[in-house]
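Work through the exercises below with the sequence and the model open. Try each task before reading its solution.

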Amino acid sequence: MQFRLIKDKVYSKLMLGLTVLSVSVVLVVGIGLYLKSGPVLEHSSWWTLLSSSQWKPLKGLFGFFSFIMGTLWVTAIAIIIALPLCLLTSFYITEYAPNRVRKILVPFVNLLSGIPPVIFGVWGVLFIIPLIQNHIAPHFVEFSTGYSVLAGGIVLAVMIFPLIVSIVCEVLNTIPRELKDASLALGATKWETIKKVQLRKAKPGIIAATVLAISRAFGETIAVLMVCGNNAVTPHSVFDPGYPLPALIANNYGEMLSIPMYESALMFAALLLFIIILLFNIISRVVLARLERKLAL
Amino acid sequence: MIRRKLEENFFRILMVLATLIVGGSFFLIVGTIVYKGAPFMNWDMITKIPGGGFYIGKEGGVLNAIIGSLYVAGGATILGLFISIPVAIYINMYLGGKNFIANGLRIAFDVLFGIPSIVYGAFGFLIMVYFGIRASLLGGIVAVTLLVIPILVRTLDEVIRTVPKELRDASLVLGATRWEMSKVIIRQIRPGVFTAILLSFGRAIGDVASVLFTAGFSDNIPTSLHQPAATLPLAIFFQLGSPVEEVQGRAYASALILTVVVLIITVLSSALAKRFSKNNIR
């Protein structure tokens, strides 16, 4: 009898230990990256690192501005493309699609989310790059190789489709039926109901999904690296190549460690990504969790 | 009146178009990969390791990367299960599953899920340098484990939450300790564990950024944990960067292999989940 209780206690403590350990990974990662980026932070201030576009590792000049701009460009393009498409798709799936169509559609969205990033990258190289080079860019600029922030943005947009669609669909499904019915009963068309009732009701959920998608796009590495051109200059148009932060880390890490402070600078890039994504994630997850709890009552 | 009708129809068409683009992108991607990869597919690709001069277009295959990927993804998933099953049980059984701490932990794991794999990769490399481990199978497994723990915990958590409360109450009322009750629950969620394993395996096998610095690359199949291991996504990435047409073709073929593997895993996981859940008490 006693033995069973002791066993329960022991397992309880063990599990608690594992839980604390796995959650504290967040802290350990943050602290580890911060300590490692110490040297470069001592050398120059946060402001210089963030606002300077001088990237000359050999001279000890580390300015992340171009890389930050590269990241912002691809992320912005991805969201601008993905958000309207995904909202319309979510409304179609939840409101218009007949059951049969829905049953086919949803699994394909799930399948899309299972495709590895590197496959998106290969697809980008094989499909998007030639498309931009031969069919889109010639209308706007004289010459483009196709490797551009636009290509990165398009590939990222497709990558975040499943994320936004699945969350928005979930949010839409939790809106009380009565609200919709009331609007429809007053003679509003389906679209008017969507526009004036559901969009308003789902706003926090949609914003949370967008923020989550932004943070996913921020951290995506390999697919973007393969199509962005990786040129350390600040992009000025969608057809310019860019060099997002994750691509910078992936391309250089482990190779140039003989240059002083290079490793530290790359760790600073990782820290930057980590902080931004952590903040975005916490905000959107808390909003979503609160929504879920409110609707569960 | 007519204007409203027009607006309705306009947006309905727009929605259908958007849905076609979103749903169609899947076919576009898989179609492109199959179209480009199929001509370069042959038995050598999946049965041979790279021979001499493989990277200038001579004979060989990517068996080393296939096996390496299976090792890394398998190892990470198993290691992750040992950590995540107790965590999921602790959240639901010991913390009660519905209070402030349990919800806080759920959010924490969701946040961990959102951290990009490149950060895990860089962090994994930091740890390896700290302990003096070189890029190896072991390093890759550790980095990927960090990546899959949040997926496993959240999936298992969702599954445990679907177990009826009566089942817990029944075992508790018979005098079982919380640990004994957990054993009953584990038996109930077995199909869910399968789904979690497949989800985590699918994510692990496709990820590049986390193994980039940690697992290294090698033309041979690793025979111990301390040898570097090639991984399929990395093999695709390297081969695609080659100027030799033949090697690029092999990248497409490797991409086809990876796509097929991942799609099979995804389809299996949803099919298994459906099939096994029939025998469960709901």
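**Exercise 1. Find which residues Y120(B) touches, not counting residues up to four places away in sequence.**

Solution.
- Step 1: Apply the contact rule: two residues are in contact if their C-beta atoms, placed from the backbone, lie within 7 Å.
- Step 2: Leave out residues up to four places away in sequence; Y120(B) then touches I115(B), A143(B), L146(B), L147(B) and S210(B).
- Step 3: Take L147(B) from that list. Y120(B) and L147(B) are 27 residues apart in sequence, yet 6.8 Å apart in space, C-alpha to C-alpha.
- Step 4: Place the residue: Y120(B) sits in helix 5 (residues 117-131) of chain B. Helices here are DSSP runs of H or I with at least four residues, strands are E runs of at least two, and both are numbered from the N terminus.

A word on the model. It is predicted: local features need pLDDT of at least 70, side-chain atom pairs count only at pLDDT 80 or more, and totals for chains, interfaces and linings use all residues. Residues are numbered from 1 along each chain as its sequence is written, while chains are lettered from A and ligands numbered from 1 in the order in which they are written.

**Exercise 2. Decide whether Y120(B) is buried or exposed.**

Solution.
- Step 1: Recall the cut-offs: buried takes 20 or more other C-beta atoms within 10 Å of the residue's own, exposed 12 or fewer, and partly exposed lies in between, with C-beta atoms placed from the backbone.
- Step 2: Count for Y120(B): 27 other C-beta atoms lie within 10 Å, so the residue is buried.
- Step 3: Look at the whole chain: buried residues make up 48% of the 282 residues in chain B.

**Exercise 3. Describe the make-up of chain B and its domains.**

Solution.
- Step 1: Count elements: chain B has 11 helices and zero strands.
- Step 2: Check contact range. Of the contacts in chain B with a separation of 6 or more, 75% join residues 24 or more positions apart.
- Step 3: Split the chain: domain 1 of chain B covers 2-40 and domain 2 covers 47-279. These bounds come from an automatic or database domain assignment.
- Step 4: Inspect where the domains meet: seven residues of domain 1 of chain B and seven residues of domain 2 of chain B take part.
- Step 5: Sort the domain 1 side: five nonpolar, one polar and one charged. Here Ala, Val, Leu, Ile, Met, Phe, Trp, Tyr, Cys and Pro count as nonpolar, Asp, Glu, Lys and Arg as charged, and the others, Gly among them, as polar.
- Step 6: Add the spacing: the C-alpha centres of the two domains of chain B lie 31 Å apart.

**Exercise 4. Characterise the contact between chain A and chain B.**

Solution.
- Step 1: Count: 72 residues come from chain A and 68 residues from chain B.
- Step 2: Find the largest share on the chain A side: helix 1 (residues 2-23) of chain A gives 13 residues.
- Step 3: Sort the chain A side: 51 nonpolar, 13 polar and eight charged.

**Exercise 5. Name the residues that join helix 7 of chain A to helix 8 of chain A.**

Solution.
- Step 1: Helix 7 of chain A contributes F120(A), G124(A), I128(A), I129(A) and I132(A).
- Step 2: Helix 8 of chain A contributes L150(A), A151(A), I154(A), V155(A), V158(A) and M159(A).
- Step 3: By class, this contact holds 10 nonpolar, one polar and no charged residues.
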